[in-house]
Amino acid sequence: MIAQQIKSAIRDIPDFPKPGIVFKDITPILKDPQLCEAIVNAFAEQLKGTRIDAIAGIESRGFLFGLSLATKLGVPFVPVRKAGKLPFTIKQKAYKLEYGTATIELHTDAFEPGQHILIHDDLLATGGTALAASELIQEMGGIVAGFSFVVGLGFLKGLERISPVCDRVVVLADY
């Protein structure tokens, strides 16, 4: 039921950000507070029994539901940001994109070594950013508790890239 509600709200934007790409725009979801609450509740229900000490939300749309889920679960929220966006001491991870590279970073005091960190983003596509976030968290002594995404693009095989890190993956609506 939640998958159908999410899919009904998402709109496709052809040729964005590049020709040939059909962008899944989740912003219409944000106009529906009841659907937003249902999404957070669905994550909480599906993650029941999973040890989660903090939620790491990937910039920027991973912040939208990541913070709400952290609040619901009563755990800290940790922002995973693009390079140059965090003001305190940081640890970085560079990773390859289809064309080029990108860098993400975390504050060095984002969590304590040994804590179980759930990685959250709005969308699972190729899994490159989520994989880089998991590597950064592990390099900092964290344990990946799982991954959660509002939407998954199964045909891009992101699940295959991240599941060796942790097989606890929640995708609420898969295409």
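Ala, Val, Leu, Ile, Met, Phe, Trp, Tyr, Cys and Pro are counted here as nonpolar, Asp, Glu, Lys and Arg as charged, and the others, Gly among them, as polar. By that scheme, the lining of the largest pocket holds 21 nonpolar, seven polar and 11 charged residues.

This is a predicted model, in which local features need pLDDT of at least 70 and side-chain atom pairs count only at pLDDT 80 or more, while totals for chains, interfaces and linings use all residues. Residues are numbered from 1 along each chain as its sequence is written, and side-chain values use heavy atoms, with hydrogens and water left out.

**The largest pocket**

A pocket is an open set of points on a 1 Å grid over the protein atoms alone, where a 1.4 Å probe fits and protein lies on both sides within 12 Å along at least five of seven lines; lining residues have an atom within 4 Å of a point. Grid points are joined across faces, edges and corners, and the volume is the space filled by probe spheres set on the points. The largest pocket has about 1,400 Å³ of space. It is lined by 39 residues, of which Arg61, Leu123, Ala125, Thr126 and Thr129 are the closest to its centre.

Helices (H or I, at least four residues) and strands (E, at least two) are DSSP runs, numbered from the N terminus. Among the elements that each supply at least two lining residues are strand S2 (22-25), strand S4 (77-82) and helix H5 (128-139). Strand S7 gives the largest share, four residues.

**The sheet**

Two strands pair if DSSP finds at least two bridges between them. Seven strands form an open sheet with mixed pairing, in the order S5-S6-S4-S3-S7-S8-S9. S5 and strand S9 (169-174) are at the edges with a single partner strand each, so one side of each has no neighbour in the sheet. On average, neighbouring strands are turned by 20° against each other, direction ignored.

S7 pairs with strand S8 (residues 143-152) in the parallel sense over eight bridges, and His120 stands opposite Ser148 in S8. Helix H1 (residues 2-9) packs on this sheet and touches S8 and S9; the direction of H1 makes about 55° with that of S9. Contact means heavy atoms within 4.5 Å. Axes are lines fitted to C-alpha atoms, for helices over the stretch in contact, and angles run from 0 to 180 degrees between N-to-C directions.

**Backbone details**

Most residues other than glycine have a negative phi, and most peptide bonds are trans. The table lists departures from this.

| Site | Backbone value | Place |
|---|---|---|
| Phe16 to Pro17 | cis, omega near 0° | Pro17: loop between S1 and S2 |
| Glu59 to Ser60 | cis, omega about -10° | Ser60: loop between S3 and H4 |
| Asp15 | phi near 60° | loop between S1 and S2 |
| Lys157 | phi near 65° | loop between S8 and H6 |
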